[in-house]
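The following exercises concern the arrangement of strands and helices in a protein model. Please examine the structure before reading each worked solution.

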Amino acid sequence: MGSEIEVSNSNTVVPNDLSAFWMPFTANRQFKKAPRMLVAAKDMHYTTSDGRQVLDGTAGLWCVNAGHARPRIVEAIARQAAELDYAPAFQMGHPKAFELANRIVDIAPNGLNHVLFTNSGSESVETALKLALAYHRVKGEGARSRLIGRERGYHGVNFGGISVGGIVSNRKMFGSLLTGVDHMPHTHNLAKNAYSKGVPEYGTELADELERIVTLHDASTIAAVIVEPVAGSTGVLIPPMGYLKRLREITSKHGILLIFDEVITGFGRLGTPFGADYFGVTPDIMITAKGLTNGVIPMGAVLVSSEIHDAFMQGPEHMIEFFHGYTYSGNPMASAAGLATLETYKEEGLLTRGAELAPIFQDALHSLKGEPHVIDIRNIGLVGAVELDPIAGAPTKRAFSAFLKCYEDGVLVRTTGDIIAMSPPLIISESQIGELIDGVRAALRSID
């Protein structure tokens, strides 16, 4: 145990015993028989332990929006480590956390003026759900305790998140979860919207299912509705035209908070700073993480309206207003990484670059129509999905085989079920878009 072997052409060492690490969301036994080790990265490419270059078609895990090992971010972390490594998060502060909050508010939709820091998307979700429940209580409407999610939604892996989430495999092993949760239907309509380019035409009326749920439970019992503007982890499900605006109308009418989970759609993924900007809908609470620090140091941020924030700022000034937070909320290292990330986005125009590349990405992606096994293609901004016809009796196997083939050929994609998802760093070039799509094409033609 613990002995190491040197990697050729690199100073990185790889353990020769992989048993201790129980890997997340991974087929552990398959991986450890044939490990796929990444040992370095720069800009658009990973370097593997055997010295190969792999084009990053997934921005790491939807998070490395500015590309890898960007100098400004690397330097900011090094400086911060030498200056102030940690400061208490409770009853104490440090300047960079406040500066970062201000910078986030500057690029956020109007009205989202306050920020709570977390360490991940999952923690951001829990923070938002607790905040919604507490808000109604401080407003004297404590009966509003019900939370509404959506089928196939992904909101992290903590109990609140999997309760409002709607991916069965993430829920079924963990008991009854939170009580008082209901779900709207998902928006995926393969029959009517297959091969849509951008926002699909059919399905706006699905938002009216929220009215049915309100009628069932009564609005006075419902605290919040939580949705992803684009459902990413379940396979890139894009909301129909007008769907999110209709949800906003219904929630406003009934005094229900609307929460957008922008862990994936935030920070330029759709060609706008946030998904809320793309769809022209401002929620009451917005959840972010991933691209906030370019994936370099774990951090999340929950943005809230002044109305919600001010409701808590009552009573004696020496009292804690909201009993929630984390040891690492606004961590100095993460704050430094976040500031440098936002500066990189600004300098290089990355929060809107996706809009320029979206038509090129769309044309390349939809060129896969007609390739073996393909039954649908979806895209918006710089995120896309290719849905495959599953192998009878072996769901997920076909897409996983495509993932392995792509990796062998030097292209990294992500799969969920029998869907191949792509979300490249926002620095990707036109030629690299072609390389990414050609890699998927070759994989599709080589698998059964």
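## Exercise 1: the sheet

In this predicted model, seven strands form an open sheet with mixed pairing, in the order 6-12-11-10-9-7-8. Determine which strands stand at the edges.

Solution. Strand 6 (112-118) and strand 8 (181-184) each have a single partner strand, so one side of each is left without a neighbour in the sheet. On average, neighbouring strands of this sheet are turned by 20° against each other, direction ignored.

Next, consider how edge strand 8 is joined to its partner. Strand 7 (residues 146-150) and strand 8 run parallel and are joined by four bridges. Leu 147 stands opposite Val 181 in strand 8.

## Exercise 2: helices across the sheet

Identify the strands across which helix 5 and helix 9 lie.

Solution. Helix 5 (residues 121-138) lies across strand 6, strand 7, strand 9 (222-227), strand 10 (257-261), strand 11 (285-288) and strand 12 (300-305). Its direction is at about 165° to strand 11. Helix 9 lies across strand 7, strand 8 and strand 9, at about 155° to strand 8.

## Exercise 3: a helix pair

Classify the packing of helix 9 against helix 10 and describe the contact.

Solution. The axes of helix 9 (residues 209-217) and helix 10 (residues 243-254) are 9 Å apart, and the helices pack at an angle of about 25°. Angles under 35 degrees count as roughly parallel, so helix 9 is roughly parallel to helix 10. Their crossing is right-handed.

From helix 9, Leu 210, Glu 211 and Val 214 meet Arg 246, Leu 247, Ile 250, Thr 251, Lys 253 and His 254 of helix 10. The residues of this contact comprise four nonpolar, two polar and three charged.

Notes:
Residues numbered from 1 in each chain as written. Predicted model: local features only at pLDDT ≥ 70, side-chain atom pairs only at ≥ 80, totals over all residues. Heavy atoms only, no water. Axes fitted to C-alpha atoms, helices over the stretch in contact; angles between N-to-C directions. Helix = DSSP H or I, 4+ residues; strand = E, 2+ residues; numbered from the N terminus. Parallel < 35°, antiparallel > 145°, perpendicular 65-115°, else oblique. Left-handed = near helix turned anticlockwise from the far one by under 90°. Contact = heavy atoms within 4.5 Å. Nonpolar A, V, L, I, M, F, W, Y, C, P; charged D, E, K, R; others polar. Pairing = 2+ DSSP bridges.
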